[in-house]
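Please read the points below alongside the sequence and the model. They take up the helices, the surface and the interior in turn.

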Amino acid sequence: MIWDYAYCWGILCQIVFQHRLTDLALLGDIRSQLEQASALNEQMQQLFRDWNLAHPGRNERCMLDQYALPWFAGMNATLHDPLDDVQLRARLLENVELLEDLAATLRERAAADGTLLRDRGSASSRSRPVLFAAA
């Protein structure tokens, strides 16, 4: 699922690839961003469960071509960038914002599907990019 990949690559893998998994000072400093990403992940997992209950078995199994998604390919391409503390914090914040955009796009798709209410989850007034094309 595109959400699971984005969440793992954007947040968790950044910490692992930067060899910061045991950096308690960093983890303490970015706690709010990690909690924000975790809460968003929980909201999205519930959205997916609800969406599936409304339309069981509707989506066919398929492979995701990550290369065809420029934002995702960019996230993969930068995993090995050597980052100092300031750069890593900025990267994680950017990736949390990207997750917010992806969540908004997915919520809009669910609302357009007639399954869910548009106001579910957090909302933002900023412009959101299209993160993937509708199948």
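1. Helices here are DSSP runs of at least four residues, numbered from the N terminus. On that basis, G114 falls just after α5 and adopts a positive phi of about 80°. The model under discussion is predicted.

2. The opposite end of α5 also deserves attention. D84 caps the N-terminal end of this helix, with a side-chain oxygen placed 3.1 Å from the backbone nitrogen of V86.

3. Between these ends, α5 covers residues 85-112, a run of 28 residues. From its first C-alpha to its last, α5 reaches 41 Å, close to the 40 Å expected at 1.5 Å a residue.

4. As to the overall fold, the protein chain contains 5 helices and 0 strands, giving the pattern α-α-α-α-α along the sequence. Of the contacts between residues at least 6 apart in sequence, 82% join residues at least 24 apart.

5. What share of the 135 residues in the protein chain is buried? The figure is 36%, where buried denotes under 20% relative accessible area. The protein chain exposes about 8,500 Å², of which carbon and sulfur atoms supply 56%.

6. The interior holds 1 cavity of 30 Å³ or more, and the largest cavity encloses about 30 Å³ of space. Its lining is made up of I11, I30, Q33, L34, A37, L92 and V96. The elements giving two or more residues to this lining are α3 (31-54) and α5; the largest share, 3 residues, comes from α3.

Definitions and conventions. Residues numbered from 1 in each chain as written. Predicted model: local features only at pLDDT ≥ 70, side-chain atom pairs only at ≥ 80, totals over all residues. Heavy atoms only, no water. Expected span 1.5 Å × (residues − 1). Polar contact = N/O pair within 3.5 Å; in protein donor to acceptor, adjacent residues only side chain to side chain. Buried < 20%, exposed > 50% of the residue type's maximum accessible area, 1.4 Å probe, protein only. Contact = heavy atoms within 4.5 Å. Areas by Shrake-Rupley, 256 points an atom, 1.4 Å probe, with all protein chains shown as cover. 1 Å grid on protein atoms, 1.4 Å probe; cavity = no way out; pocket = protein on both sides within 12 Å on 5 of 7 lines; lining within 4 Å. Points joined across faces, edges and corners; volume = space filled by probe spheres on them.
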